[in-house]
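Reader: Hi! I'm new to this one and would love a friendly walk through it. Could you pull it up for us?

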Amino acid sequence: MESVVFYCLSGVSVAMAVLVAASRRPIYAVLALVGCSCALAGLYALLGATLLAAVQILFYAGAVGILFLIVTVLLDARSETSSQMRYRGLHWGAALLGLILFGLITRAVLEETRAPSVSSIDATRGSVVAMGYLILTDYPLPFLASAVLILAALVGATWLARR
Amino acid sequence: MVPVQHYLIVSALLFSIGAAGVLLHRNLVSLFLCVELMLNAVNLALVASSRWAGNLEGQVLALLVIIVAAAEAVVGLGILIAVYRGRGSLDVDDQNLLRY
């Protein structure tokens, strides 16, 4: 059962990723990214990371997706036409480089994870309580730094978009 | 139970697709979307490794990556708006202010 769900979700996410990378019109790419984020949230939930699944849907499918959608509509980002034609072999080059990268990463992954996994799924339940406890006891500094980062991003974006 | 390697291979696939998209696209919005896709792939790898190692540290790191990605999206889209106002185009071939 778990493997069926896994293969369905990963198939959806890879198909949506191909749509993101291949679609000429940015608006379709944005919608495909939202779909890919939802499938990835399902994968997180399957891995036991429930908090991350919720955050993924809230942030990526919700906030970032809507933000991209609004900016795409605002900027009238037309489909790529003229400059796309200048590079005839670009599709094949990009696909070839992507394949090489995939081969290298897969080889490294299979070599590094040769040892059997020690964990049970219960030890890595990323519930809100467990994650919150870990963040506030062991990693308070990155947490506070991310708060400052968000504030800086807020001020910076406001400054960039004024005028 | 699905082995963790399969999650990591899906993550590698998503990352490669995102990298190929970055190479392929000429439009800044599409390019930026592919970068977001690569960040998502890295997050999947982090969560899968977290389960493989048997602790929650990878999930905390993935949460921080999501926060940084959100901040990056906000600032990046602000820069896109500024570029569009200044140059009137979002094509990367038209952006040559730093070239000379």
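Reader: Thanks! How much area does chain A expose, and what share of it do carbon and sulfur atoms supply?

Author: Happy to help! This is a predicted model. In it, chain A exposes about 9500 Å², and carbon and sulfur atoms supply 74% of that area.

Reader: And how many helices and strands are there in chain A?

Author: Chain A has 7 helices and 0 strands. Reading from the N terminus, its elements run α-α-α-α-α-α-α.

Reader: What percentage of its residues count as buried?

Author: Of the 163 residues in chain A, 35% count as buried. As for contacts in chain A with a separation of 6 or more, 63% of them come from residues 24 or more positions apart.

Reader: Let's switch to the two chains together. How many residues from each chain does the contact take?

Author: The contact takes 82 residues from chain A and 68 residues from chain B. About 6800 Å² is buried between the two chains, with carbon and sulfur atoms giving 76% of that area.

Reader: Which three residues supply the most of what chain A buries against chain B?

Author: Those are Leu47(A), Phe68(A) and Leu75(A), which supply 10% of the area that chain A buries against chain B, more than any other three residues.

Reader: How many salt bridges are found across that interface?

Author: The rule finds 0 salt bridges across the interface of chain A and chain B.

Reader: Now aromatics. How many aromatic pairs are there over all chains?

Author: A search of the whole structure finds 3. One of them joins Phe68(A) and Phe32(B) in a tilted arrangement, at 5.4 Å centre to centre with 50° between the planes. This pair crosses between chains, from helix 3 (residues 50-75) of chain A to helix 2 (residues 28-53) of chain B.

Reader: Are those two rings' residues buried or exposed?

Author: Phe68(A) is buried because its relative accessible area is 0%, under the 20% cut-off. Phe32(B) is buried too, with a relative accessible area of 13%.

Reader: Which residues form an aromatic cluster?

Author: Phe6(A), Tyr7(A) and Tyr7(B) form one aromatic cluster.

Reader: Last topic: which residues form the nonpolar patch on the surface?

Author: The patch is formed by Leu96(A), Leu97(A), Ile100(A), Leu104(A) and Leu23(B), with about 460 Å² of accessible area together. Helix 5 (residues 90-112) of chain A gives the most to this patch, with 4 residues.

Reader: And why does Leu96(A) count as exposed?

Author: Leu96(A), which lies in helix 5 of chain A, counts as exposed because its relative accessible area is 52%, over the 50% cut-off.

Terms used: Residues numbered from 1 in each chain as written. Chains lettered and ligands numbered in written order. Predicted model: local features only at pLDDT ≥ 70, side-chain atom pairs only at ≥ 80, totals over all residues. Heavy atoms only, no water. Phe/Tyr/Trp six-rings, centres within 6.5 Å; stacked < 30°, edge-to-face > 60°. Helix = DSSP H or I, 4+ residues; strand = E, 2+ residues; numbered from the N terminus. Buried < 20%, exposed > 50% of the residue type's maximum accessible area, 1.4 Å probe, protein only. Patch = residues over 30% accessible without salt bridge, like charges linked within 9 Å, V, L, I, M, F, W, Y side chains within 5 Å. Areas by Shrake-Rupley, 256 points an atom, 1.4 Å probe, with all protein chains shown as cover. Salt bridge = Lys/Arg side-chain N within 4 Å of Asp/Glu carboxyl O. Contact = heavy atoms within 4.5 Å. Buried area = accessible area lost by both parts, 1.4 Å probe.
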